[in-house]
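I opened this notebook to keep track of what I looked up in the structure shown below. The entries follow the order in which I took up each topic.

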2 protein chains.
Amino acid sequence: MSQGNTGVTDEAIHDVACPIREVIDRVGGKWSVQIILATAQGPVRFTDLERRIEGISRRMLTLTLRNLERDGLIVRKVYATVPPKVEYTGTEMSRELHDPLERLADWARRNRGNISAARAEYDQANSRDD
Amino acid sequence: MSQGNTGVTDEAIHDVACPIREVIDRVGGKWSVQIILATAQGPVRFTDLERRIEGISRRMLTLTLRNLERDGLIVRKVYATVPPKVEYTGTEMSRELHDPLERLADWARRNRGNISAARAEYDQANSRDD
DNA sequence: CGGGATCCAAAAGGATACTG
DNA sequence: CAGTATCCTTTTGGATCCCG
């Protein structure tokens, strides 16, 4: 190796980055995480979700639920009653996501200050010149 | 509490989901993670990144680098030489992201099979009817 | 109640030509 | 070499109305 620190890098990057992409592609949507958390401890009805997740539109709730169901992260149970009743429940796989997500949340809480400071600095530095 | 399992839920969801959103908003882009990983162990030049991150366009490389720099996740160092030379290096804050990200990657690797199985099943179940 | 169908706005991303 | 500028396509998300 004559060219400095180009060792593990390229392959290792792909091996880590690629699975991460897969996760983000499924839970990176604007509402996915909230739904995963909301359905974690038991069956929740459609309308309950709509009320509990502030700002979500009917369309996005349906769409996100469908995608999560397709990926096996939640289970949809329909009761043939009238009026209709549908319950959504997070799966085990989905619950196993909580720890990893909590780590991310930790990082975010620890570095909130850092990030907004960095931003302020950057934005100020790039308003003078240009 | 007379109405069943509505305990921690709503506030707790927000307290966890909100920081997670913050992280995803910064590293959820299509190329962010790869750049974070690639710049982790030392200075990398623009063209090196362009070569090592397969499929990235000049535009997106620049854009993503700017955003990461703005958030304090990488540092940009310009050498006033000719031809120009610019190096990008991940910051400590950025390196602290690796562990959380690795957990996510673990989850993805463990559940890859589960997910594609769930998809296959779902897609098949929804091709018959409709 | 729990959606599906439709239409629209905004954001993200890609291709590529040009430049200090 | 390391970008910027411009144009275009795709994706994502929101607003509604309708329907069993």
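**Entry: the surface near DNA strand D**

I looked up which element gives most to the surface near DNA strand D, and the largest share, 4 residues, comes from H4(B). I noted that helices and strands here are DSSP runs numbered from the N terminus, with helices being H or I of at least four residues and strands being E of at least two. At least two residues each are supplied by H4 of chain A and, from chain B, by helix H3 (46-52), H4 and strand S3 (85-90). I counted 19 residues around DNA strand D, the closest being Lys30(A), Arg59(A), Thr47(B), Arg76(B) and Tyr88(B); a residue is near a strand if one of its heavy atoms lies within 4 Å of it.

By class, the surface near DNA strand D holds 8 nonpolar, 3 polar and 8 charged residues. For these classes, Ala, Val, Leu, Ile, Met, Phe, Trp, Tyr, Cys and Pro count as nonpolar, Asp, Glu, Lys and Arg as charged, and the others, Gly among them, as polar.

**Entry: how the model is to be read**

I kept in mind that this is a predicted model, in which local features need pLDDT of at least 70 and side-chain atom pairs count only at pLDDT 80 or more, while totals for chains, interfaces and linings use all residues. Residues are numbered from 1 along each chain as its sequence is written, chains are lettered from A and ligands numbered from 1 in the order in which they are written, and side-chain values use heavy atoms, with hydrogens and water left out.

**Entry: contacts with DNA strand D**

Which part of DNA strand D do the atoms within 4 Å of the protein belong to? I found that 60% of them belong to sugar or phosphate and the rest to bases. I then looked at polar contacts, meaning pairs of N or O atoms within 3.5 Å, where within protein one must be able to donate a hydrogen and the other to accept it, and residues adjacent in sequence count only if both atoms are side-chain atoms. An N or O atom in the side chain of Thr47(B) is 2.2 Å from a phosphate oxygen of DNA strand D. For Tyr88(B), a polar side-chain atom lies 2.5 Å from a phosphate oxygen of that strand, and for Arg66(B) the value is 2.9 Å, again to a phosphate oxygen.

**Entry: DNA strand C**

I turned to DNA strand C, which has 19 residues around it, and Thr47(A), Arg76(A), Tyr88(A), Lys30(B) and Arg59(B) come nearest. Of the atoms of DNA strand C that come within 4 Å of the protein, sugar and phosphate account for 67%. The side chain of Arg76(A) has an N or O atom 2.5 Å from a phosphate oxygen of DNA strand C, and that of Arg45(A) has one 3.0 Å from a phosphate oxygen. For Arg59(B), the partner is a base nitrogen of DNA strand C, 2.5 Å from an N or O atom of the side chain.

The largest share of the surface near DNA strand C, 4 residues, comes from H4(A). I recorded its classes as 8 nonpolar, 3 polar and 8 charged residues.

**Entry: salt bridges**

How many salt bridges does a search of the whole structure find? There are 25 over all chains, a salt bridge being a side-chain nitrogen of Lys or Arg within 4 Å of a carboxyl oxygen of Asp or Glu. I looked up the salt bridge between the side chains of Asp10(B) and Arg52(A), at 2.7 Å from N to O. Asp10(B) lies in helix H1 (residues 9-27) of chain B and Arg52(A) in helix H3 (residues 46-52) of chain A, so the pair joins two chains. Asp10(B) is partly exposed at 37% relative accessible area, and Arg52(A) is partly exposed at 24%; buried means under 20%, exposed over 50% and partly exposed in between, with a 1.4 Å probe and protein chains only.

Within chain A, Glu50(A) forms a salt bridge with Arg58(A), the closest N and O atoms being 2.9 Å apart, and Arg58(A) counts as exposed at 56% relative accessibility.
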